[in-house]
Each structure stands twice: as C-alpha cells, then as structure tokens.
Amino acid sequence: MTDLPALMADLERHLGDPFAQDGPMPFSRVLDMDEREEYPHEFVDLLASWGLYDWIIPVEAGGRAVHVEDGFNLYRLVARRDPTTATAMVITTLSYMSVWTAGTPEQRRHFADVIRSGRKLAWGLSERRHGSDVLANETAARRTEGGWLLDGEKWTIGNATVADVVMVFARTSDKGGPGGYTVFAVEKGTLAPGSCEHLPHDPLHGLRGLDMSGVRLRDCFVPDSAVVGRVGQGLEVALKSSQLARVAITSIAMSCTDTALRTTLDFATRRMIFGGPVSEVPYSRRRLVESYADLLVADALTTGAVRSLQLAPEQASIWSSVVKYFVPTLLQETLARLATVLGARHYLRTHPRYGIFQKAVRDFAIADFADGNTVVNLKNIALQLGNLVATAVEQDPVKVAAAVERTAALFDPAHPMEPYRPADQQLFSRGVDDPVLALRSAVDALHRAAAEARGRDAACLAAAAETAGEIAGQLDRIAEEHRKLFSDLGKEAGQSAELYDLAEQYTFVSAAAALVHLHLHGREAVDPALRSPAVLLVCLERMLRRFHPTRRVAGPQEVAEVAEALYRAHSEGRLFSFRSFPVNR
Ligand SMILES: Cc1cc2nc3c(=O)[nH]c(=O)nc-3n(C[C@H](O)[C@H](O)[C@H](O)COP(=O)(O)OP(=O)(O)OC[C@H]3O[C@@H](n4cnc5c(N)ncnc54)[C@H](O)[C@@H]3O)c2cc1C
C-alpha cells in the first residue's frame, strides 16, 4: 500500500513554497499566466517530470496506479495552486480512462507511452448542438476498407488543439441508441492532411489558460486498431469513464475551497479590526468554522466515494452522481461565505497574498459542469431514488449486515483493496447504497459509544447520535413523498422538479452517513485533532441545517474546539482534510 502522506509531502516539496516568487510553481506565476491566458505547459511539464501521470497509468501499462485515492489526493495538491494545470492534466487522465476501461493491453501501453513522452490527450464527447444528451450526438463513423471514416465536429473540448490524440465518441449505427456509438482514438500525427481541423479557442471566464477548442473531422480515416473497446460499446465506455471523472473532478472543487479558506485565514489572522484580529470576531470565527466543516463534510464523502470505485464498483453510478452533485453545490456556498470574511480584498486580481482567491472562485465552476453538470447528476440519482430509499427504509437484516461490513472497509483507509479495475463498474446500483443503508446501524453504534464515554465527549457523542438519527429519519419522509409523487403524477413524476428536490435531499443524507462512518471506522487514519466527537457534531450540524436551516446542535465549546483545529492546521501547514497531509504555506 502507498505511503500516501509521504508521497504527498514529496510532491509538495517538488512544487516549493507557493509564495516564493522564484519557486517552481508560485501563485504569482500562476496568476500571471492566467492574466495572459497562457496554457500552463511549464507546470504540466514540472508535474510530469515528478511522475504525476504515473499515478493514473495502471501498473500493467508501466505506471504506478493501483488505488484511485492516490491520484485523487495528489491532484488536490496541484489544484490548490492552479486548477488550470490540474484540469489540463485531468483531461489527459480522463481521456486515457476509455483505454483503461475497454482498450486492448497494446492500446493501454501505447497511450501510456504517449502520455509519459509528454504528449497530451483530449476527450471528444460534446458537440455544439448536444451536451448532456449524448445519444443525440451526430459525429458519425462509417466503415471503409481497413478502418473507418469519421465526420463531424466536437466542440468545447479541453486540450483539443494541444493534444496529440483525441478520443472521439462517434455514432456507428444509423439508428443510434445505447448500442449505436463507439470510441475512436484519433491520433493526429497519422491523419491525412485536412481531415482534422482545429476549431478556434473559446476564451473562458475561469481556467483562462486552458485550451478550450474543438475539432472538425472530414472523411477522417482511422484504422480498425483505433477502435477502443467493441464497436457499439461507446456509451458504456463513456459512462464508466465518466464515473471516475465525476469523482475526480470534485478534488478540484475541494482544492479551490482549500485555497480560498487558507487565503481568508491569512487575512483574518493578520488583519486587526476593533482592537483584535478578524479571526477573533465571534461571527467571523463561526463563518470560518462553518467553512472548514463544509470542507470536512466533502472530504468524508469523497473518502468513501473514491474507495467505493474499488470496493463497491457495482455502486459507482450512485456514488459518482452523489459526490458530483453534492460537493460543488455545497462548496459554492462556502466560497460565497468566505468572500464575506475576506471582504473587499477578495475582488483584487493581482494582490500578492489575496489575488489567488478570485482565481479559485472563477476556476471552481469547472466542477459544476464538466462531465455531466450538477442537474444531470441529480437526474441520475432521481432515476434510482425509489429503489434506494425503499432498501434503506426496509432495513432487511441480511442486506444491512452486508452493507455494514462493506461500509467499514470503505471508510477505513487502512483496509486493503484489490487494484482498481474500471471495467468492473456498473451503470446502475440496483437499489443498493451501502453507507446510507448502514446509517441506522451506525447511529446505534454512536449511542453505544456515548454510553461508554465520559464528560463532554459523552454529551457530544449523544448529540451526534441524535442528530445523525434525525437525518436518517429523513429517509422515511423522502420515501413517503416519493411514493405520493408517483401516485399523484404517475409517469410524469419522473420528470418533475419535486423528484429532483428529493434526490438532492438524499445527497444530504449520504454526506451525513459518510461523516458518521468515517468517525467510526477511519479513526486511526484521521488527524488526532479531528477524531473528537465535537468535530463530528459540528459537521453533522451542517447537514442537519440543510433540512432545518435555523437548528443548532453544536455549542460554543464545540465551535471553539473546531476553530482551534482549523487555526492549527493553517499555522502548521496541513491540507484542510481529515487525513493529515502537509502543505507549504
Ligand atoms: C471549460 C470546459 C471544459 C470542457 N471540457 C470538455 C471536454 O474535455 N470534453 C467534452 O466532451 N466536453 C467538454 N466540455 C463540455 C461540457 O462537458 C458540457 O458543458 C456538458 O456536455 C454539459 O452540457 P451543458 O450542461 O452545458 O448543456 P446542455 O446539455 O445543453 O444542457 C443545458 C441545460 O439544460 C439543463 N439540463 C440538461 N440536462 C438535463 C436533465 N437531464 N434534467 C434537467 N435539466 C437538464 C441544465 O440546466 C443545463 O445547464 C467542457 C465545457 C467547458 C465549459
């Protein structure tokens, strides 16, 4: 198993102090390149030279990727400095996923070599007239002697111009439909002149240095060996790749928020107002603690989501959509809250200390719309919601026992896992979502822990058990409202706004469940300061308030304890996460 904290520390050393202007990857240069809308070639090369790509290439193809959590966490260190660089590299990673999922061993090795030689990949799914409705895509491939002829246009494709290879999702059957699409690896260097043209760059609001363009293909010949997976397997390949992408992209949202919180703390601990630092003003301190708690909630949820890709690949469809919807939606609010603490300085573009805040806010949005926007993910949950809540409410003892066992492994980072195999992921979870199914049993465990604890810990654990129990109780209401919706509206309920609302509420229960499971099963891996029941209670309150916006269950002492943990993580230089990962300040 990888020594992840040591690996992360090594990468952080390689990247140097973000405030040292002559360092390898300082904020000043990141901001400068953003202002000039320059593709971050130098940072991509810097990270490639450290070997970052090895952590997304499987061992059999010459890489070092065994566990998804390694790559996921390494990218957090990149994105906290520059989400543009992280996105540019993630796009190459995700483009490779189709080959890892369904390609031949030769293809896996060949494209791994392409990446390791410094060349880039792009993922050509979207079209100008078709975004989320991928089965309406018109780019077509027709058979010809020895291969295929591709025609069509792929647009808003990251890396499309700088990449050497574009993975193109094309229609291979006139009828289209789920079995009517195929992925082709289009290697630009092998194409006939004029058959692949780059579309102009589209300037972006955030990620200003990213290559955002597209390709136009005209009678573009590719050999049979360019087919990735089986002919007709394209949708399955795209959806499975997307499951990893959706989880991975949340690391960018978390990193942007990490940088925003760190920047705000730099300000709040230095700036004196009314005779003391802003960080000591009770209201500001509470806002900082809430922001930290939000990040910890996202961290707990993604801990389970990332590990589920290996431990419960049959549930990948639900996990990937829950995190892709919930994490960016939650953290958007966190960024807005932090801006109110940082005040006017959050609006300065080039300030040496605070200028990075506005970039983090602008770049963050990629997590909302890339690889299925938030609404599409809500729809995925909505489609499965009836079965999910029915299973969770029924609490069949055999199913619960199995879910409890699997959940313990999911949230214990020390628990061994088989190497990642993306082909094992399933497109529907068949009503099973382990952490939610195991939540009531975890609430019982919290009650037992409260009975055995002493003093304030006992009180906090009892309050946490009550709060988690109340959130678990929301599942009964969601199930009842779901039943009534379908009985009132019939088939139309499937498209109703109310169904999306219920799906959203389900994600809040998932997040609360993740917090409880991590507290119960991941203790040994968690930073000692964050093992306290007070931290659990403050975080659970964030989720309770999604259902009851004015409710408070954590008192001033618990808030003070979390504030202390936050200030220490900041002053000692650690990522704002449950596990302790050092960062340069
Ligand atoms: C910076 C950037 C990078 C990108 N990189 C890539 C890339 O590398 N490769 C690639 O293929 N694409 C890429 N894209 C395209 C991106 O993934 C698309 O934006 C995506 O396909 C979703 O499209 P859409 O939401 O913009 O629009 P549409 O799918 O046209 O949807 C429009 C609106 O309709 C609503 N909607 C859509 N579906 C539903 C639904 N099921 N239920 C309810 N409402 C719905 C939503 O409000 C949505 O915003 C990139 C885009 C950007 C801006």
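How much of the chain over residues 123–220 is helix, and how much is strand? In this predicted model, the chain over residues 123–220 is 0% helix and 47% strand, and the C-alpha atoms at the two ends of that span are 17 Å apart. The chain as a whole is divided into domain 1 (4–118), domain 2 (122–228) and domain 3 (238–572), and the points below take up the annotated spans, the contact between two of these domains, the ligand shell, a set of paired strands and one loop residue.

**Annotated spans**

- An unreviewed UniProt entry carries the annotation "domain: Acyl-CoA dehydrogenase/oxidase N-terminal" for residues 29–116, and in the model this span is 72% helix and 0% strand, with its end C-alpha atoms 25 Å apart.
- The annotation "domain: Acyl-CoA oxidase/dehydrogenase middle", also from an unreviewed UniProt entry, covers residues 123–220, which is the span that the opening question asked about, with 47% strand.
- For residues 232–383 the unreviewed UniProt entry gives "domain: Acyl-CoA dehydrogenase/oxidase C-terminal", and here the model has 78% helix and 3% strand, while the end C-alpha atoms lie 24 Å apart.

**Where domain 1 touches domain 2**

- The C-alpha centres of domain 1 and domain 2 are separated by 24 Å, and 21 residues of domain 1 are in contact with 17 residues of domain 2.
- On the domain 1 side, the elements that give two or more residues are helix 2 (27–35), helix 5 (83–102) and helix 6 (105–116), and of these helix 5 gives the most, with 11 residues.
- Sorted by class, this side of domain 1 has 11 nonpolar, seven polar and three charged residues.

**The shell around the ligand**

- The ligand is surrounded by 21 residues, and the closest of them are L125, S126, G131, S132 and G158.
- Domain 2 and domain 3 each contribute at least three residues to this shell, and the elements that each supply at least two are strand 1 (121–124), strand 3 (147–158), helix 11 (366–369) and helix 12 (374–394).
- In terms of residue class, the shell divides into 12 nonpolar, seven polar and two charged residues.

**Strand 5 and its partners**

- Strand 5 (residues 181–187) is largely enclosed by the rest of the structure, because six of its seven residues are buried.
- Strand 4 (residues 165–171) runs antiparallel to strand 5 and is joined to it by seven bridges, and within this pairing F169 has V183 of strand 5 as its bridge partner.
- Strand 5 also pairs with strand 8 (residues 227–228), again in the antiparallel sense, over two bridges, and here the bridge partner of V183 is V228 in strand 8.
- V183 can therefore be followed on the structure as a residue of strand 5, a strand that is largely enclosed, with F169 as a bridge partner and V228 as another.

**A loop residue, S532**

- S532 is found in the loop between helix 17 (497–521) and helix 18 (533–547).
- S532 has 19 C-beta neighbours inside 10 Å, and therefore counts as partly exposed, since a residue needs 20 or more such neighbours to be buried.
- Along the chain S532 and E504 are 28 residues apart, and in the model their C-alpha atoms are separated by 29 Å.

Methods
Residues are numbered from 1 along each chain as its sequence is written. This is a predicted model: local features need pLDDT of at least 70, side-chain atom pairs count only at pLDDT 80 or more; totals for chains, interfaces and linings use all residues. Domain bounds come from an automatic or database domain assignment. Two residues are in contact if their C-beta atoms, placed from the backbone, lie within 7 Å. Helices (H or I, at least four residues) and strands (E, at least two) are DSSP runs, numbered from the N terminus. Ala, Val, Leu, Ile, Met, Phe, Trp, Tyr, Cys and Pro count as nonpolar, Asp, Glu, Lys and Arg as charged, and the others, Gly among them, as polar. A residue is near a molecule or strand if its C-beta atom, placed from the backbone, lies within 6 Å of it. UniProt positions are given in the numbering used here, feature names are shortened, and annotations may be inferred rather than shown by experiment. A residue is buried if 20 or more other C-beta atoms lie within 10 Å of its own, exposed if 12 or fewer, and partly exposed in between; C-beta atoms are placed from the backbone. Two strands pair if DSSP finds at least two bridges between them.
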